[in-house]
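Hi everyone, thanks for coming. I'd like to walk you through a structure that may be new to you, so please have a look at the sequence and the model first.

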Amino acid sequence: MPTVSSLMQLIDQASAKSVLDVKLDEDRGLAEPLPYPFMAVVGQAEMKTALLLTMINPAVNGVLLVGPRGTGKTTAVRSISDLLPSVARSLCQYGCLPEDIETDGIDSVCPDCAKKYGQGESLTRTDRVHLIELPLNAKIDDVVGGVNERAAIQNRVLLERGILARADRNLLYVDEVNLLTDDIVDAILDAAAQGQYTVRRGALAATYRSRFALIGSMNPEEGHLRPQILDRFGLRVIVKGLSDPQERLEAYKRVRMYLNNPRAAMADYAEQTIAARDEIQTARNNLPNVKLTPEAEQVGLQITQRMKIDSLRAEITLFEAARAYAAADSRVEATVDDVRAVAPMALRLRRSQFIEKFFRSQKGEENEIETVLEGVKRKKGSRGKR
Ligand SMILES: [Zn+2]
């Protein structure tokens, strides 16, 4: 087993009780104002690790939690809102950032931001990362944005940004992601691929930044996930119910305590929550300094090759998750052990039986084409000799 970080230890214990005031943000982007404390989630080490790695390094490309109902997937995802780190947030609704100008020039931001930048004004403020939830009943206009109806009544046409624009530099959570309609899945895939999207309504058009890490949960009994969107999730966790009776009893007691008095339950875990949040912020700040060792890179490539995984996203997630794992352990070198620790989460559900079967049958056809070509060549060659 790799060395266990202090962050991981914090997750494992989650029992000390100390009462502290819990400050609540007004705009959580969440329906649930008092989430169940992350530190009170019993067991489920892999699910918790995957969520932490996503908070530390958005480049792991999010998490998919797959499991039956009642295994605490949704509760665990919502519980991370108190652990989320800070980020430089754009002051503009289009999400313009100074690094956009540094990499792509002044024309890459809106005229207002270009002017502000020229005058030396700041384009950002420090803000917490938010967990933005995409409700299953959301309409496409809620998701990408659309015409503001109130303004439209006064004969003014205003475009309003949608959930995907609000998810910029945040985490986007979709519960029951396998039940989304195709138009919404396409909009999410589009935004995820480009990091931005454009809305057109009549003569109006607006482009919004939309750089988010996607967190999804699903019950496989209720329908499968389109391969295209499955590929978008970096880490994959199979969530099973707790098997240890003692753990089940502990989970029951904690949930009962939370349901009786959510504020008291949050206060009980406040000290650990604050400690964990600080650790996550520190790990995130240190992440740019973390490098993979050459051995770790080689082992990672070997694993994906032996597993016969096609998607390049497998390596990206494997290596970025290994870096985040090392950062969580306050190290600047991500080793073979870090790669091993995250490999199951990064690599499972990557192979498609359909594609494997398709390649096998395709091989038959390729051979057939080769044989036909050979035959044609020989005939042609023999005719030429005549
Ligand atoms: Zn702007």
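Let's begin at a hairpin, the one made by S8 and S9: two residues sit between its strands, and Gly-202 has a positive phi near 65 degrees. Before I go further, please keep in mind that this is a predicted model. The two strands of the hairpin, S8 at residues 196-201 and S9 at residues 204-209, run antiparallel and are joined by six bridges. If you'd like one pair to look for, take Thr-198, whose bridge partner in S9 is Thr-207.

Now let's step back to the whole chain. How many helices and strands does the protein chain have? The count is 17 helices and 13 strands. The chain has 386 residues, and 38% of them are buried. Take the contacts between residues at least 6 apart in sequence: 79% of these join residues at least 24 apart.

Next, the open sheet. Five strands build it, in the order S4-S7-S10-S1-S11, with parallel pairing. Which strands stand at the edges? They are S4 (131-133) and S11 (235-238), and each has a single partner strand, so one side of each has no neighbour in the sheet. On average, and ignoring direction, neighbouring strands here are turned by 20 degrees against each other. At the S4 end, three bridges pair S4 in the parallel sense with S7, residues 171-175. Leu-131 is a good place to look, since its bridge partner in S7 is Leu-171.

From the sheet we can move to a helix. H2, residues 45-56, lies across S1 (63-66), S10 (213-218) and S11, and runs at about 160 degrees to S11.

H2 also leads us to another helix, H15. The axes of these two helices come within 9 Å and cross at roughly 90 degrees. That makes H2 roughly perpendicular to H15. Where they meet, Leu-52, Leu-53 and Ile-56 come from H2, while H15 brings Ala-321, Ala-324, Tyr-325, Ala-327 and Ala-328.

Let's stay with H15 for a moment. Its 16 residues reach 22 Å from the first C-alpha to the last, close to the 22 Å expected at 1.5 Å a residue. Is H15 largely enclosed or left open by the rest of the structure? Of its 16 residues, 13 are buried, so H15 is largely enclosed.

That takes us to the largest nonpolar core. As general background, nonpolar side chains in soluble globular proteins tend to be buried together. Here the largest core has 87 residues, and the members that touch the most others are Ala-321, Ala-322 and Val-342. H15, residues 313-328, supplies the largest share of this core, with 10 residues. Leaving aside residues up to four places away in sequence, Val-342 touches Leu-53, Leu-318, Ala-321, Ala-322 and Tyr-325. There is also a second, separate core of five residues, among them Cys-96, Leu-97, Val-109 and Leu-123.

One last stop: Ser-330. This residue comes just after H15 and takes a positive phi of about 55 degrees. Ser-330 belongs to the loop between H15 and S13, which covers 333-334. Is Ser-330 buried or partly exposed? With 14 other C-beta atoms within 10 Å, Ser-330 is partly exposed. Thr-282 is 48 residues away from Ser-330 along the chain, and their C-alpha atoms are separated by 8.4 Å.

That's my tour, and I'm happy to go back to any part of it. Thanks for listening!

Conventions:
Residues numbered from 1 in each chain as written. Predicted model: local features only at pLDDT ≥ 70, side-chain atom pairs only at ≥ 80, totals over all residues. Core = buried A, V, L, I, M, F, W, Y, C linked by C-beta atoms within 7 Å. Buried ≥ 20, exposed ≤ 12 C-beta atoms within 10 Å, placed from the backbone. Helix = DSSP H or I, 4+ residues; strand = E, 2+ residues; numbered from the N terminus. Contact = placed C-beta atoms within 7 Å. Pairing = 2+ DSSP bridges. Expected span 1.5 Å × (residues − 1). Axes fitted to C-alpha atoms, helices over the stretch in contact; angles between N-to-C directions. Parallel < 35°, antiparallel > 145°, perpendicular 65-115°, else oblique.
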